[in-house]
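Thank you all for coming, and please have the sequence and the structure open while I talk. I will go slowly, one region after another, and you are welcome to follow each residue on the screen.

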Amino acid sequence: MGNCFIKPVANVSSTSLFGSNISQSKPKQDSSPPTQRSSSQNSVSNVIERSISSSLKSFTFSELKEATKNFRRENLIGEGGFGFVYKGWIDENTLAPTKPGTGIVVAIKKLKPESFQGHKEWLAEVNYLGQVHHENLVKLIGYCLEGKNRLLVYEFMQKGSLENHLFRKGVQPIPWIMRINIATAVARGLAYLHSLDSNIIFRDLKASNVLLDSDFNAKISDFGLARDGPTGDNTHVSTRIIGTHGYAAPEYVATGHLTPRSDVYSFGVVLLELLTGRRVVEEEKEGVPEETLVDWARPFLGDSRRILRIMDTKLGGQYSRKGAQAAAALALQCLNADPKYRPQMVNVLAALEALQSSNSITRTPKRSTESSSASSKHSSNHSQKSFSSAEKL
Ligand SMILES: Nc1ncnc2c1ncn2[C@@H]1O[C@H](COP(=O)(O)OP(=O)(O)OP(=O)(O)O)[C@@H](O)[C@H]1O
Ligand SMILES: [Mg+2]
């Protein structure tokens with residue numbers, strides 16, 4: 001889930017906020033998801049609960065305690081800015097907690113009490129995922145709102161995050177075809193959000209927010225930073241700047257103007273990570289100016305021959321030259337500094353579907369050894385250390 005503070009462990013994201021209410025041509029005022037606007041009198045929880053989609057199960061804290069065996073350490077599966085994520089077990093029909101190993105497995109995210117922004121993000125997640133459903137969005141089963149406790153109960157994604165598969169040491173590399181399938185699935189999820197009347201902008205697309213099920217089907221997770229996009233004559237929404245350093249679109253970082261094309265830029269970064277197997281931002285070294293993956297890769301992306309030099313060496317050359325060139329050209333379009341020239345998500349999806357169905361992705365390039373020749377600060381051998389480098393804005 002998007003967060004706004006420094007996380008204490010690996011996979012750290014740090015966020016700083018910059019208030020920005022810069023005027024623009026046709027701004028839409030920064031608006032919060034519906035329920036955020038209504039909570040003030042009497043019982044805040046009651047007001048919030050009444051507006052939450054009835055398709056979500058409201059869990060008690062003790063039910064989730066039971067489902068996770070009192071949030072036992074051995075059931076801990078991850079940690080993000082929002083809090084810890086635990087494995088839990090519930091009955092498939094009644095959704096009541098069951099014994100470990102029986103019923104269905106769920107992922108239970110528990111807000112850290114000190115979480116700055118946590119309640120707002122929790123609410124955005126509940127509001128959006130209570131309303132939008134798609135095969136490429138992680139399913140939210142329910143929530144818990146009890147006193148200060150804020151929890152979220154999701155379908156369990158067995159293979160964890162794309163980030164772990166791309167960058168964690170000792171993990172089996174994801175084959176080329178699977179990478180294209182993952183990119184296509186993410187594009188489909190974003191295209192769906194952008195196609196809705198409310199024109200939802202996800203705002204925090206990154207490898208750690210792409211989760212994989214047991215068959216490596218990809219789904220987007222974490223709607224904490226999502227918000228409604230511009231509608232009617234509005235060109236953008238104007239909002240404070242929040243997201244993850246390296247993934248956020250440059251014009252959004254500069255102005256606070258958010259459009260669906262901001263998501264297209266972030267998608268381009270994830271596509272680049274899939275191609276190169278390298279993190280968006282390296283761990284900072286003293287005295288060395290930061291160079292993002294995008295800055296480093298840009299000159300290679302537009303050159304159909306040089307692109308092979310930056311492909312992930314962990315692919316062992318097992319990808320097609322044509323497929324790599326097409327994917328790199330698409331990434332370059334998504335990463336255009338001017339949002340006007342970025343394709344819409346629906347066009348990105350069409351390009352990836354064409355790539356998926358073409359035979360070109362199954363062939364191996366002749367010059368597979370080329371992929372190891374690009375020298376850069378963006379070495380792919382830094383995964384453990386730079387695990388903490390994807391910094392939030
Ligand atoms: N539904 C899920 N199924 C399985 N594992 C999950 C699920 N949701 C989260 N996880 C695991 O928990 C980890 C932490 O997730 P979380 O969304 O809290 O943080 P993050 O996305 O890594 O970082 P950030 O807080 O900056 O967005 C993930 O990397 C993933 O391994
Ligand atoms: Mg996440």
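I would like to begin with Lys110, where the UniProt record, in an unreviewed entry, places the feature "binding site". Please keep in mind throughout that what you see is a predicted model.

Lys110 belongs to strand β5, which covers residues 104-111. Is Lys110 buried or exposed? Lys110 has 21 other C-beta atoms within 10 Å, and because 20 or more count as buried, it is classed as buried. If we set aside its neighbours within four places in sequence, the residues in contact with Lys110 are Phe71, Gly83, Phe84, Tyr86 and Leu151.

Now let us widen the view to the sheet. It is an open sheet of six strands with mixed pairing, and the order of the strands is β2-β6-β7-β5-β4-β3. At its edges are β2 (57-58) and β3 (76-79), each of which pairs on one side only. The partner of β3 is strand β4, residues 83-90, and the two run antiparallel, joined over three bridges. One residue pair to look for here is Leu76 with Tyr86, its bridge partner in β4. Helix α3, residues 118-131, packs on this sheet and touches β5, β6 (140-146) and β7, with its direction at about 35° to that of β7.

Next comes ligand 1. Which residues come nearest to ligand 1, of the 25 around it? They are Gly78, Gly80, Gly81, Ala107 and Met157. At least two residues of the shell around ligand 1 are supplied by each of β3, β5 and β8, and β3 gives the most, with three residues.

From there we can move to Gln158, which sits in the loop between β7 (149-155) and β8 (160-161). Gln158 is partly exposed, with 13 other C-beta atoms within 10 Å. Its C-alpha atom is separated by 9.3 Å from that of Val105, although the two residues are 53 residues apart along the chain. Apart from its neighbours within four places in sequence, Gln158 is in contact with Asp213 and Ser214.

Two loop residues deserve a careful look at their backbone angles. Asn199, in the loop between α5 and β9 (210-212), has a phi near 55°, which is a positive value in a residue other than glycine. Asp222, in the loop between β10 (218-220) and β11 (236-238), likewise is not a glycine and has a positive phi of about 80°. As for their surroundings, Asn199 is partly exposed, with 18 other C-beta atoms within 10 Å, whereas Asp222 is buried, with 29.

I will finish with helix α9, residues 321-334. How far apart are the end C-alpha atoms of α9? At 1.5 Å a residue, its 14 residues should span 20 Å, and the end C-alpha atoms are indeed 20 Å apart, so the expected and computed values agree. Ten of those 14 residues are buried, and therefore α9 is largely enclosed by the rest of the structure. Among the buried residues are Arg321, Gly323, Leu330 and Cys334, together with several alanines, including Ala324 and Ala331. The elements that cover the buried residues of α9 include α5 (176-195), α7 (260-276), α8 (293-301) and α10 (345-357).

Methods. Residues are numbered from 1 along each chain as its sequence is written. Chains are lettered from A and ligands numbered from 1 in the order in which they are written. This is a predicted model: local features need pLDDT of at least 70, side-chain atom pairs count only at pLDDT 80 or more; totals for chains, interfaces and linings use all residues. Helices (H or I, at least four residues) and strands (E, at least two) are DSSP runs, numbered from the N terminus. The expected span of a helix is 1.5 Å times one less than its number of residues. A residue is buried if 20 or more other C-beta atoms lie within 10 Å of its own, exposed if 12 or fewer, and partly exposed in between; C-beta atoms are placed from the backbone. Two residues are in contact if their C-beta atoms, placed from the backbone, lie within 7 Å. UniProt positions are given in the numbering used here, feature names are shortened, and annotations may be inferred rather than shown by experiment. Two strands pair if DSSP finds at least two bridges between them. Axes are lines fitted to C-alpha atoms, for helices over the stretch in contact, and angles run from 0 to 180 degrees between N-to-C directions. A residue is near a molecule or strand if its C-beta atom, placed from the backbone, lies within 6 Å of it.
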